[in-house]
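Work through the exercises below with the sequence and coordinates at hand. Each task is followed by a stepwise solution.

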Amino acid sequence: RGFSHLEEQKMKNNMQRVIGNLVILTPVIVGLALYQQLPNRVAIHFNVEEQANGFMNRNLAIVVLPFIALAIYNLLFSYFKQITISFLKEFMLWLIPISAVIIQGLVLTVAMGGHVQVRLTVIWLVALIFLVIGNYLPKSIGLATKNHSESSNSVARKLGYLMVAMSLALLISLCFNPYTTIIILGVFVVLILSILLPNFRSLRK
């Protein structure tokens, strides 16, 4: 019975991975369908004023970002499956596929001449990610995985509270100059490092 349960779980994991990969690759199919309508150079990066400042040949633009997402997803899939909190696990498993579709969708929409508020879309997406993860980290055990210790619990709580605060700060920054968002992100990185670095050795144990 135990063997059949393990086999069933393995099949479920494999199916979920296949579905995730297919979702990530969906924008590639859309890009190929729209190939003739796309410009030769596609904008893939924008400055704080939402002006395109990075371009890529359309042949690469259709496949590069999805395949990068595909690689990241498959590298992290096994780690995400270890998360013990059911909702957080499902959220993390779908985070990369859905984010990949949204980001590539923005790229294709802009390439087709559509008007997209890039900053607004990206900030809402990032804020949602921080809010969900931050809400569950303080309630988790050992960064929400099966391996935990007292020090990792403390780090998880601090990171959780910081992420929730960060999500709210990012949303508020939309009311101000775009550079406000960059400053907030910079402060966030510094605070994250101030939490992680002093506990680096204990987290490795």
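Among contacts in the protein chain (heavy atoms within 4.5 Å) between residues at least 6 apart in sequence, 66% join residues at least 24 apart. The model is predicted: local features need pLDDT of at least 70, side-chain atom pairs count only at pLDDT 80 or more, and totals for chains, interfaces and linings use all residues. Residues are numbered from 1 along each chain as its sequence is written, and side-chain values use heavy atoms, with hydrogens and water left out.

**Exercise 1.** Determine the order of helices and strands along the protein chain.

Solution. Step one: assign helices (H or I, at least four residues) and strands (E, at least two) as DSSP runs, numbered from the N terminus. Step two: count them, which gives seven helices and two strands. Step three: read along the sequence to obtain α-β-β-α-α-α-α-α-α.

**Exercise 2.** Describe how strand E1 and strand E2 are joined.

Solution. Step one: apply the pairing criterion, under which DSSP must find at least two bridges between two strands. Step two: E1 (residues 41-46) and E2 (residues 52-57) run antiparallel and are joined by five bridges. Step three: locate Val42, which stands opposite Met56 in E2. Step four: inspect the five residues between the strands of this hairpin, where Glu50 takes a positive phi near 65°.

**Exercise 3.** Identify the members of the largest nonpolar core that touch the most other members.

Solution. Step one: select buried residues (under 20% relative accessible area; exposed is over 50%, partly exposed in between; 1.4 Å probe, protein chains only). Step two: keep Ala, Val, Leu, Ile, Met, Phe, Trp, Tyr and Cys, and join them through side-chain atoms within 4.5 Å to form a nonpolar core. Step three: the largest such core has 32 residues, and Ile24, Phe91, Met92, Ile133 and Phe188 touch the most other members. Step four: trace the contributions; H2 (58-81), H3 (86-111), H4 (118-136), H5 (150-173) and H6 (178-196) each supply at least two residues, and H3 gives the largest share, seven residues. Step five: for Met92, leave aside neighbours within four places in sequence, and the contacts are Phe80, Ile83 and Ile133.

**Exercise 4.** Is Leu137 buried or exposed?

Solution. Step one: place Leu137 in the loop between H4 and H5. Step two: its relative accessibility is 8%, so Leu137 counts as buried. Step three: check the separation from Arg157, 20 residues apart along the chain; the two C-alpha atoms are separated by 6.0 Å.
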